[in-house]
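Got a model open and wondering where the labels come from? Let's go through them one by one.

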Amino acid sequence: QSKQTEETSTPQPEEKKPEWVHLFDGTSLEGWRGYNMDSLPPGWTIKDSILTFDTELGLEQDYKGGKDIIYGAEEFDNFELYLEWKIPEGANSGIFYHVKEGYDGPPVVAPEYQIIDDENYANIHDLTGYNSQFGAEHPELLQDWQKTGADYAMHVADESQKQLNPVGEWNSSKIVFTPEKVEHWLNGKKLLEFVP
C-alpha cells in the first residue's frame, strides 16, 4: 500500500512589476528644462496635450534659448522609453539618452536615436559639404547612419524592418537599454540592437 502525500507549496510573494514613470502627462512641464539651463526654452510648450516645439519661433533669426531639452527630474541607468512623435516636413530631431550636462550639447556626450524626415530632408537641406568630409559616395543624399531609427553615426537601422509614417503623422519609438544590449524600435518593429 502506498501512502499518498500532498505537496504543499509556500505562497511566494508576488513579483513586483516595475511601474512606468510618466515623463510627460499632457498637462505639466514639471521635470523638463533646457540642456544646461534652469528652465524650459521658450520654443517648447504644451499644445493640445502634446509637448511641442514651435518650429516657426525656432526658425526666427533672433530666437534664443536653445532647442535641446532634457527630463532632469530623475536619471535612469537601465530603462525602456516609449514615446509617440510626429515631425513637420524637413525636420531633424532625435532622442539623446544617458545625457550629461556641462558640454556644448547632447551630441558631444550621448547616443542619439535619430528622428528625421527621411523622404524630404536632403531635398530641402544641402548635405553635400557636411557629408563630403566622411567620404560619402553621394554626399548630397541622407546617409543610412543619418536616417530615422539609427543610432546616429554609429549603428544603422534595418531598412527591411522600417515602417516610417510620413511627416505630419504619428510614429512610435521605443528604446530599451540594459548593460548587455540596446534596442531601437519604430512602430512596433525592432530596427537595431547593439552592445552599449
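What follows is a set of questions and answers on this predicted model.

Q: What makes the chain more spread out than a compact globule?
A: Start with the elements: the chain has three helices and 10 strands, in the order β-β-β-α-β-β-β-β-α-α-β-β-β from the N terminus. The radius of gyration is 21 Å, while the globule rule gives 16 Å for 196 residues; 21 Å is well over that, so the chain counts as more spread out than a compact globule. The C-alpha trace spans about 90 × 40 × 35 Å along its principal axes.

Q: How much of the chain counts as buried, and how do you know?
A: The cut-off is a relative accessible area under 20%. By that test, 31% of the 196 residues are buried. As for the accessible surface, the total is about 13,500 Å², and carbon and sulfur atoms hold 47% of it.

Q: Why is S173 called buried?
A: Its relative accessible area is 1%, and buried means under 20%, so S173 passes. S173 sits in strand 8. Beyond its sequence neighbours within four places, S173 is in contact with L81, Y82, L83, W85, I95, Y113, W185 and L186. Take L186: it is 13 residues away along the chain, with 4.7 Å between the two C-alpha atoms.

Q: What about S172: buried or exposed, and why?
A: The value for S172 is 14%, which is under the 20% limit, so S172 is buried. S172 is in strand 8 too, which covers residues 171-177. Its contacts, again leaving out neighbours within four places, are Y82, L83, E84, W85, W185, L186, N187 and G188.

Q: N187 turned up in that list. Why is N187 called partly exposed?
A: N187 has a relative accessibility of 21%, and the partly exposed range runs from 20% to 50%, so that is where N187 falls. N187 is in the loop between strand 9 (182-186) and strand 10 (189-194).

Q: What makes the phi of N187 worth pointing out?
A: Most residues other than glycine have a negative phi. N187 is not a glycine, yet its phi is positive, at about 50 degrees.

Q: Which value does the phi of S49 take?
A: Phi of S49 is near 65 degrees, so here too there is a positive value in a residue other than glycine. S49 belongs to the loop between strand 2 (44-47) and strand 3 (50-53).

Q: And why does S49 get the label it has for accessibility?
A: Exposed means over 50%, and S49 comes in at 51%, so S49 is exposed.

Q: How do you know whether G26 is buried or exposed?
A: Check the number: 11% relative accessibility is under 20%, so G26 counts as buried. G26 is in the segment before strand 1 (32-34). Setting aside neighbours within four places in sequence, G26 is in contact with I46 and S49. G26 and I95 are 69 residues apart in sequence and 19 Å apart in space, C-alpha to C-alpha.

Q: Why is V182 called buried?
A: At 1%, V182 is under the 20% cut-off, so buried is the right word. V182 is part of strand 9. Not counting residues up to four places away, V182 touches Y97, I175, V176, F177, L192, E193, F194 and P196. With E193, the separation is 11 residues in sequence and 5.5 Å from C-alpha to C-alpha.

Q: L142 is in a loop, so what makes it buried?
A: The label depends on accessible area: L142 has 10%, under 20%, so L142 is buried. The loop runs between helix 3 (128-132) and strand 8. Past its neighbours up to four places away, L142 touches I116, D117, D118, Y121, A122, L127 and K147. D118 is 24 residues away along the chain, and the C-alpha atoms are 7.3 Å apart.

Q: What lines the second largest pocket?
A: The pocket has a volume of about 260 Å³. It is lined by 20 residues, and D117, D118, E119, N120 and L164 are the closest to its centre. By type, the lining has nine nonpolar, four polar and seven charged residues.

Note on methods. Residues are numbered from 1 along each chain as its sequence is written. This is a predicted model: local features need pLDDT of at least 70, side-chain atom pairs count only at pLDDT 80 or more; totals for chains, interfaces and linings use all residues. Side-chain values use heavy atoms; hydrogens and water are left out. On a 1 Å grid over the protein atoms alone, a cavity is a set of points where a 1.4 Å probe fits but cannot get out, and a pocket is an open set with protein on both sides within 12 Å along at least five of seven lines; lining residues have an atom within 4 Å of a point. Grid points are joined across faces, edges and corners, and a volume is the space filled by probe spheres set on the points. Ala, Val, Leu, Ile, Met, Phe, Trp, Tyr, Cys and Pro count as nonpolar, Asp, Glu, Lys and Arg as charged, and the others, Gly among them, as polar. Helices (H or I, at least four residues) and strands (E, at least two) are DSSP runs, numbered from the N terminus. The radius of gyration is taken over C-alpha atoms; the globule rule is 2.2 Å times the number of residues to the power 0.38. Buried means under 20% relative accessible area, exposed over 50%, partly exposed in between (1.4 Å probe, protein chains only). Accessible areas come from the Shrake-Rupley method with a 1.4 Å probe; for residues, only the protein chains shown count as cover. Contact means heavy atoms within 4.5 Å.
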